[in-house]
Amino acid sequence: MSSRIDVCVLDDEAAVAVAAAGIFAELLRRRPDAVLGLATGSTPEPVYAEMVRLHRDEGLGFARARAFNLDEYLGLDGDHDQSYRFFMQIHLFDYVDIRPWNTFVFDGKAADPEQECLAFEAKIRAVGGVDLWLLGLGTNGHIAFNEPGSDPASRSRVVTPDAETVEANSRHFADPAEVPTEALTAGVSTILDGRKIVLVALGAHKADAVARAIEGDRLPDCPASLLQGHSDCIFLLDRAAASQLS
Ligand code: F6R
């Protein structure tokens, strides 16, 4: 089957950030109580900076929005400076008018992580599903912490990130040995259930994964290629990330 993923190649990171934030802004203006799906990592940082600017300068409102995050490290408290909850607070939530009780990030310290995953899925169902997921992309093709080999039907669960992912994420930790070896993640199916998906990839180090996701076979060995099965998915890329597309 040929890919149904839309591709938009832009000049640079700034242009990609404006485009991605613009898609969220359009949704929020049309539907102020939209259900947003959010990612962490280096890639979305400029996207959140642009959302904050849109809130500050153009009155983009988040007061009625609900937000679900893709993943969280198991074992890290939300106050830990490497937790994804902490990331969301310092890059977006603290600077817009989203209500704290409408932000859902897995609790990395949950006493029962499996139950935490079931509760996450139930909360998404209770609000009628995610309208728009923002995704990043791992160099090995992962989306959220769905590593190569992930079941296309997978739902939120506890996973062990690949060594390549732990290595890549260790750049944020003072001591690489501190990188948690387990995580809670939305599943492939949890993501594919979203009504729209925007994947952002920046830089030449993502080019191989981008090409495999869009032009490769739709197989679990490249989880992002499973997005080919979604009817409304767009990749926003800078030129470097798009450089291996034919
Ligand atoms: C994080 C997430 C991950 C990242 C991916 C790329 O919430 O979903 O899949 O999107 O690891 O990370 P960066 O953007 O740091 O290259």
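Rings of Phe, Tyr and Trp (its six-membered ring) form an aromatic pair if their centres lie within 6.5 Å; planes under 30 degrees apart count as stacked, over 60 as edge-to-face and the rest as tilted. Welcome to a predicted model, in which local features need pLDDT of at least 70, side-chain atom pairs count only at pLDDT 80 or more, and totals for chains, interfaces and linings use all residues. Residues are numbered from 1 along each chain as its sequence is written, and side-chain values use heavy atoms, leaving out hydrogens and water.

**View 1. Aromatic rings: Phe68 and Phe104 form a stacked pair.** Searching the whole structure gives eight aromatic pairs. In this one, the centres are 4.6 Å apart, with 20 degrees between the planes. Phe68 belongs to strand S3 (residues 66-69) and Phe104 to strand S5 (residues 103-104), so the pair links parts of the chain 36 residues apart; strands here are DSSP runs (E, at least two residues), numbered from the N terminus.**View 2. The ligand's surroundings: 13 residues surround the ligand.** Each has a heavy atom within 4 Å of it. The closest are Thr43, Asp71, His142, Ala144 and Lys206.

**View 3. Polar contacts: Thr40, Ser42 and Arg171 each place a polar atom by a ligand oxygen.** A polar contact is a pair of N or O atoms within 3.5 Å. For Thr40, a polar side-chain atom lies 2.9 Å from an oxygen atom of the ligand. Ser42 uses a polar backbone atom, also 2.9 Å from a ligand oxygen. Arg171 brings a polar side-chain atom to 3.0 Å from an oxygen of the ligand. Of the 410 Å² that the ligand exposes when taken alone, the protein buries 92% (Shrake-Rupley areas, 1.4 Å probe).

Technical notes:
Polar contact = N/O pair within 3.5 Å; in protein donor to acceptor, adjacent residues only side chain to side chain. Helix = DSSP H or I, 4+ residues; strand = E, 2+ residues; numbered from the N terminus.
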